[in-house]
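Thanks, everyone. Please bring the model up on your screens. I'll go through the chain contacts, then a few local features.

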Amino acid sequence: MNRKAYNAAAVAAEIAVPVALLVAWQAWTVHANDPRFPRLSTILVQFRELWLFSEFNLHVVPSLERIGLGFGIAVVLGIALGVPLGLSRWGRIIAMPHVEWWRAMPPPALLPISIVLLHSIGNRQKVAFIAFFCLFPILLNTIDGVRGIDPALLDTARSYGIRRFERIRRIVLPGALPQIFAGLRTSLSLAVIMMVLTEYFSSSSGVGYVLLISKNTLQLAPMWAAIVLIGVLGYLLNLALILVERRVLAWHRGWRAAVVQ
Amino acid sequence: MSAYAGHLLEIRNVGKTYGSGPKATHAIDDVSFAVEDREFVCVVGPSGCGKTTLLKCVGGLLRPSKGQVLLRGKPVTSPPEEMALVFQEYGRSLMPWASVRNNVLLPLRHKALGRKERRALVEEALDAVGLTRFIDHYPWQLSGGMQQRVAIARALAYQPSILLMDEPFASVDAQTRADLEDLVLRVREEFAVTILFVTHDIDESVYLSDRVVVLTQAPTEVKEIAEVDLPFPRDQIATKELPDFTQLRGHIYRLIRREHVEPAEDLATATATKGEQE
Amino acid sequence: MTTTFSELWSMMHTHEFWAGFAHTVRGWALGLGIATFLAVPTGILLGSSGFANRAFRVPVEFLRPIPSAALIPLLFLTLGTTLRSEVFLAAFGAFWPLLVQTIYGVRDIDPVAIDTARSFGVGSFERLYRIKLPSAVPYIATGLRISSNVALILAFTAELFMGVPGLGQMMNVAESFGLTVQVYALAVATGFLGLAIYVVFSQLERRALRWHPSHRLDAA
């Protein structure tokens with residue numbers, strides 16, 4: 001098959017496959033006629049009614065706020081702790097056992113504890129919970145990114161008398177940034193999950209809360225609509241991050257492409 | 001800078017050992033030689049004789065286990081402001097996220113200079129190595145030889161009085177290497193720098209230098225310091241056709257080859273053997 | 001702190017604790033197993049066929065970020081509070097990282113190796129299992145490490161939120177009775193389980209990565 005025909009077919013497939021899946025979904029739900037699986041069309045109608053825009057401020061905004069705050073705190077802490085740990089062997093020896101332990105802990109196991117410890121089921125507990133677990137991917141990736149910087153670069157900087165702070169600012173941080181972004185991506189999707197978990201577990205507002213309520217009141221269409229919304233939110237947030245990454249790390253793609261040759 | 005009567009750079013009984021006890025690695029045992037102002041000195045030796053370690057000690061990146069490096073009579077304890085170092089792995093010493101201009105700019109940032117002055121230095125240095133056209137490119141968009149020229153330009157913009165180069169042309173092809181060798185000679189003339197140049201290429205060492213320091217096998221000492229009397233300006237074809245050139249390179253080759261034939265097995269044997277040879 | 005550990009120690013002498021522990025492990029293992037069984041072949045297929053990869057890119061990119069946690073209420077109402085829900089949840093969550101890693105692994109081959117094989121007349125299918133698969137193994141190992149962690153989290157989540165038998169359910173019960181020390185003790189126990197799983201799978205990953213020349217940056 002020649003190049004042009006192949007490309008045309010690929011584009012056709014890219015469009016056809018998702019459309020076919022959606023059509024199949026609709027068809028199956030119509031056929032199954034099961035209240036647990038409402039028709040796709042019904043879900044979409046619910047989606048529009050619910051989220052655009054009546055309930056938006058009531059639930060979506062608090063959820064986004066929590067994600068934003070939690071993620072933001074995790075980013076700042078993760079990088080601020082990760083850089084010195086990446087640079088200091090002793091720091092790592094002391095800190096890593098603690099980090100590894102908390103990293104392996106399944107977050108839901110800490111949900112009840114976080115409520116007890118922080119004496120709240122309000123925003124404070126939620127943001128803290130989200131921030132705590134979003135911290136680890138960023139922290140670990142920052143450490144790896146810092147350690148992975150070519151020693152030749154650091155030697156060169158030292159030989160030109162560039163002091164530690166400047167070295168960190170001009171070499172360590174930019175050099176570790178690709179790896180840090182990998183951590184950011186993981187962390188962001190984690191933030192969405194944590195948000196849902198903590199709201200579902202104990203909250204009076206937010207998308208997770210809507211999930212819980214619609215389950216309790218057996219309203220399936222809104223529940224499905226909430227699930228779709230969560231998926232869309234996750235997708236959009238991820239997309240935003242990718243766009244930022246693409247701009248900031250344009251040099252990285254070119255460099256890797258050159259190295260591979 | 002006040003004039004100093006003695007040697008510009010003196011390497012006095014420098015040794016470097018890693019580890020301790022029976023498992024210690026003596027990278028360098030006892031190396032002594034001096035470099036005068038505006039001299040071009042090459043350092044050659046068999047593989048693994050610690051040439052890079054020596055250069056790092058001279059450059060203040062490593063602390064010698066014994067002996068001293070003296071710059072104008074003062075001991076070198078950290079990278080001195082007058083020295084610039086050019087490594088072999090050009091690709092790894094350039095920041096991939098910065099343009100050529102910003103890479104060359106890096107060492108100048110903390111020097112007390114105005115923005116205009118810095119720009120001028122960067123442009124002058126890149127012009128000297130012939131890369132003005134690529135000033136806003138990224139290093140990975142350039143070939144290996146060009147990247148190495150960027151590293152040299154960066155060292156030049158820094159305006160050092162001493163340039164330390166660690167096998168800088170080992171990773172480029174032969175023709176590029178010839179161009180780069182001539183570039184370094186021109187740079188020495190134009191910028192009046194002193195150059196200490198480590199290489200394993202014997203032809204290169206004779207072609208470029210005023211003197212060649214030949215090192216022994218590990219544990220490393222200075223085997224001989226050869227004077228290179230060849231006329232300047234050097235030329236890749238004419239100079240290499242001179243009988244003096246052939247004789248010198250043969251002599252140095254033999255010195256190094258002898259090192260390979262009698263590998264030292266441990267410090268005791270080596271010291272004993274050396275004792276006999278003296 | 002010490003009360004937590006002594007509570008944990010006494011819990012470990014009870015039958016219920018180990019029953020719950022076993023339930024959690026079972027849910028985790030089944031979920032991870034199913035995910036692996038589905039993800040690896042799909043990943044190989046999507047990785048080795050550029051066409052299939054492009055065709056399914058959009059659905060994958062859309063389904064991937066869906067937090068499995070969001071499916072909890074749905075599972076509650078459809079599959080109920082049974083082991084099946086737990087396994088489905090764990091498998092759904094574990095599927096995606098493994099799929100992505102497998103696809104990366106199959107695609108990240110040194111083109112020189114492939115070209116050499118082709119020039120020696122090695123057929124398409126043989127190239128797949130002699131070159132592409134071994135090359136993908138380290139990535140699959142990484143994917144397993146990630147997925148094993150995700151599967152545990154989701155298995156536990158199903159227990160905590162839906163009351164499927166296991167450590168999570170025990171923790172939920174303890175919390176609702178205000179038995180804080182037990183809650184802490186169970187958290188510690190879960191932490192140890194998570195740590196054990198992590199250690200096992202990252203060791204596996206390390207071994208798989210050992211011979212792989214590079215997806216590190218010092219390829220030169």
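A salt bridge here is a side-chain nitrogen of Lys or Arg within 4 Å of a carboxyl oxygen of Asp or Glu. By that rule B:Lys56 pairs with A:Asp155, with 3.4 Å between the closest N and O atoms. Across the interface of chain B and chain A, the rule finds one salt bridge. Keep in mind that this is a predicted model.

Let me stay with chains B and A. Chain B puts 24 residues into the contact, and chain A puts in 20. Together they bury about 2100 Å², and carbon and sulfur atoms carry 67% of it. Which three residues supply the most of the area that chain B buries against chain A? They are B:Arg92, B:Trp97 and B:Trp140, with 34%. On polar contacts, the count across this interface is four residue pairs, with both residues at pLDDT 80 or more.

Where does the chain B side come from? Three elements of chain B give two or more residues each: strand 6 (83–86), helix 2 (90–93) and helix 5 (144–157). By residue class, that side of chain B has 17 nonpolar, two polar and five charged residues.

Now the other interface. Two pairs of chains touch, and chains A and C make the most contacts. Chain A brings 47 residues and chain C brings 46. The buried area between chain A and chain C is about 4300 Å², with 78% from carbon and sulfur atoms. On the chain A side, A:Glu14, A:Trp101 and A:Tyr235 supply 14% of the area buried against chain C, more than any other three residues.

What about charge pairs between chain A and chain C? The rule finds two salt bridges there. One of them joins the side chains of C:Arg54 and A:Glu14, at 3.5 Å from N to O. In general, side chains of opposite charge can pair when their charged atoms come close. Polar contacts between chain A and chain C come to five residue pairs, both residues at pLDDT 80 or more.

Which elements of chain A give two or more residues to the side that touches chain C? The list is helix 1 (3–32), helix 4 (89–104), helix 5 (111–118), helix 8 (164–201), helix 9 (207–216), helix 10 (220–248) and helix 11 (250–260). Helix 1 of chain A has the largest share, at ten residues. The whole chain A side splits into 38 nonpolar, three polar and six charged residues.

Let's zoom in on helix 1. The axes of helix 1 of chain A and helix 3 of chain C, residues 50–63, come within 8 Å. They cross at roughly 35°. Left-handed or right-handed? The crossing is right-handed. From helix 1 of chain A, the contact residues include A:Tyr6, A:Ala10, A:Glu14, A:Val17 and A:Leu21. From helix 3 of chain C, they include C:Phe51, C:Arg54, C:Phe56 and C:Pro59. Two of those names, A:Glu14 and C:Arg54, you have already met as a salt bridge. The residues of this helix contact divide into 13 nonpolar, two polar and three charged.

That leaves chains B and C. No contact joins them. Their closest C-alpha atoms lie 9 Å apart.

A quick look at chain C itself. Chain C has nine helices and zero strands. Its C-alpha trace spans about 70 × 40 × 25 Å along the principal axes.

Last, some local features. Over all chains, the structure holds 20 salt bridges. One within chain B is B:Arg101 with B:Asp136, where the closest N and O atoms are 3.4 Å apart. That pair links distant parts of the chain, 35 residues apart. B:Arg101 sits in helix 3 (residues 100–105), and B:Asp136 in the loop between helix 4 (115–128) and helix 5 of chain B.

Then a cis peptide bond. It runs from B:Phe232 to B:Pro233, with omega near -10°. B:Pro233 lies in the loop between strand 10 (220–227) and helix 8 (238–241) of chain B.

And one backbone angle in chain A. A:Leu218 has phi near 55°, a positive value in a residue other than glycine. Look for A:Leu218 in the loop between helix 9 and helix 10 of chain A.

That's my tour. Questions, please.

Terms used: Residues are numbered from 1 along each chain as its sequence is written. Chains are lettered from A and ligands numbered from 1 in the order in which they are written. Side-chain values use heavy atoms; hydrogens and water are left out. Contact means heavy atoms within 4.5 Å. Buried area is the accessible area (1.4 Å probe) that two parts lose on being put together, summed over both. A polar contact is a pair of N or O atoms within 3.5 Å; within protein, one must be able to donate a hydrogen and the other to accept it, and residues adjacent in sequence count only if both atoms are side-chain atoms. Helices (H or I, at least four residues) and strands (E, at least two) are DSSP runs, numbered from the N terminus. Ala, Val, Leu, Ile, Met, Phe, Trp, Tyr, Cys and Pro count as nonpolar, Asp, Glu, Lys and Arg as charged, and the others, Gly among them, as polar. Axes are lines fitted to C-alpha atoms, for helices over the stretch in contact, and angles run from 0 to 180 degrees between N-to-C directions. A crossing is left-handed if the near helix is turned anticlockwise from the far one by less than a right angle, and right-handed if clockwise.
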